[in-house]
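Below are some comments on the model you sent, arranged as numbered points. Please read them with the coordinates open.

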Amino acid sequence: MNITTLLTDIERRRAEALDRKREPYARTQPIASDLGECQREMVLSIVHWKEHPLPDEGLIARCERGKIVENLAEQELRALGFTARVDRTPFEITDKKGRVVLRGTVDGFIEVRDEEGKRHEVPFEVKSMDPNVYK
């Protein structure tokens, strides 16, 4: 097998693996990453969820890589002496009538102590991006 064939085979297998993770899902409210300026867009993404384009393989790959980065962030926090855990905890925000208006997932929690020494867990979110996005 030559190198070109090997690289082509790796790319094909990767694309197939990522494609198996592409699937639409019904929503009854926006998820945290859907929040934006345009309320109409948010409503349409819920009402017409079947028509929403599936994520491309690049987005799926970034999400998969993001899980790895979250674990690395937890390891780094622990190495710095913090107590941290990644557990990807789902959350819901409800309105005054108890109706769910937003769902999402918290990446993890870091333990902190207040002035009296009382222990609290603070949620953290891990993001990665290309360094060329911002100066």
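**Notes on the predicted model**

1. I begin with the register at one end of the sheet, where arginine 113 has arginine 119, in strand S3, as its bridge partner. The two strands concerned, S2 and S3, run antiparallel and are joined by six bridges. As this is a predicted model, the pairing should be read together with the confidence values in point 3.

2. The second pairing involves strand S1 (residues 84-94) and strand S2 (residues 100-113), which are antiparallel and share nine bridges. Here threonine 94 is partnered with valine 100 of S2, and the hairpin of S1 and S2 has five residues between the strands. Within this hairpin, glycine 98 adopts a positive phi near 85 degrees. Taken as a whole, the three strands make up an open sheet in the order S1-S2-S3, with antiparallel pairing. Because S1 and S3 each have a single partner strand, they stand at the edges, and one side of each is left without a neighbour in the sheet. On average, neighbouring strands of this sheet are turned by 45 degrees against each other, direction being ignored.

3. On confidence, the protein chain has an average pLDDT of 84, and 96% of the residues score at least 70. Strand S3 (residues 119-124) has the highest confidence in the chain, at 90, whereas helix H2 (residues 39-47) has the lowest, at a mean of 81. As a general caution, predicted coordinates should not be read in detail where pLDDT is low.

4. How many salt bridges does the count come to? The total is 14 salt bridges, and two of them deserve a look alongside the hairpin described above. Arginine 99 forms a salt bridge with aspartate 95, with the closest N and O atoms 2.7 Å apart. Arginine 99 has a relative accessible area of 48% and is therefore partly exposed, and aspartate 95, at 23%, is partly exposed as well. The other links the side chains of aspartate 87 and arginine 85, with an N to O distance of 2.2 Å. Aspartate 87 is partly exposed, with a relative accessible area of 34%, and arginine 85 is likewise partly exposed, at 30%.

5. Elsewhere in the chain, Asp9, Arg12, Arg13 and Glu16 are linked in a network of salt bridges. A further salt bridge joins the side chains of aspartate 19 and arginine 22, at 3.2 Å from N to O. Are these two partners buried or exposed? The values place both in between, since aspartate 19 has a relative accessibility of 42% and counts as partly exposed, while arginine 22, at 30%, also counts as partly exposed.

6. Finally, the N-terminal part of the chain carries a nonpolar surface patch of about 540 Å², to which Met1, Ile3, Leu6, Leu7 and Ile10 contribute. One of these residues, isoleucine 10, lies in helix H1 (residues 3-19). Its relative accessibility is 47%, so isoleucine 10 counts as partly exposed. A figure of this patch could usefully show the salt-bridge network of Asp9, Arg12, Arg13 and Glu16 as well.

Technical notes:
Residues numbered from 1 in each chain as written. Predicted model: local features only at pLDDT ≥ 70, side-chain atom pairs only at ≥ 80, totals over all residues. Heavy atoms only, no water. Patch = residues over 30% accessible without salt bridge, like charges linked within 9 Å, V, L, I, M, F, W, Y side chains within 5 Å. Areas by Shrake-Rupley, 256 points an atom, 1.4 Å probe, with all protein chains shown as cover. Salt bridge = Lys/Arg side-chain N within 4 Å of Asp/Glu carboxyl O. Helix = DSSP H or I, 4+ residues; strand = E, 2+ residues; numbered from the N terminus. Buried < 20%, exposed > 50% of the residue type's maximum accessible area, 1.4 Å probe, protein only. pLDDT = per-residue confidence, 0-100. Pairing = 2+ DSSP bridges. Axes fitted to C-alpha atoms, helices over the stretch in contact; angles between N-to-C directions.
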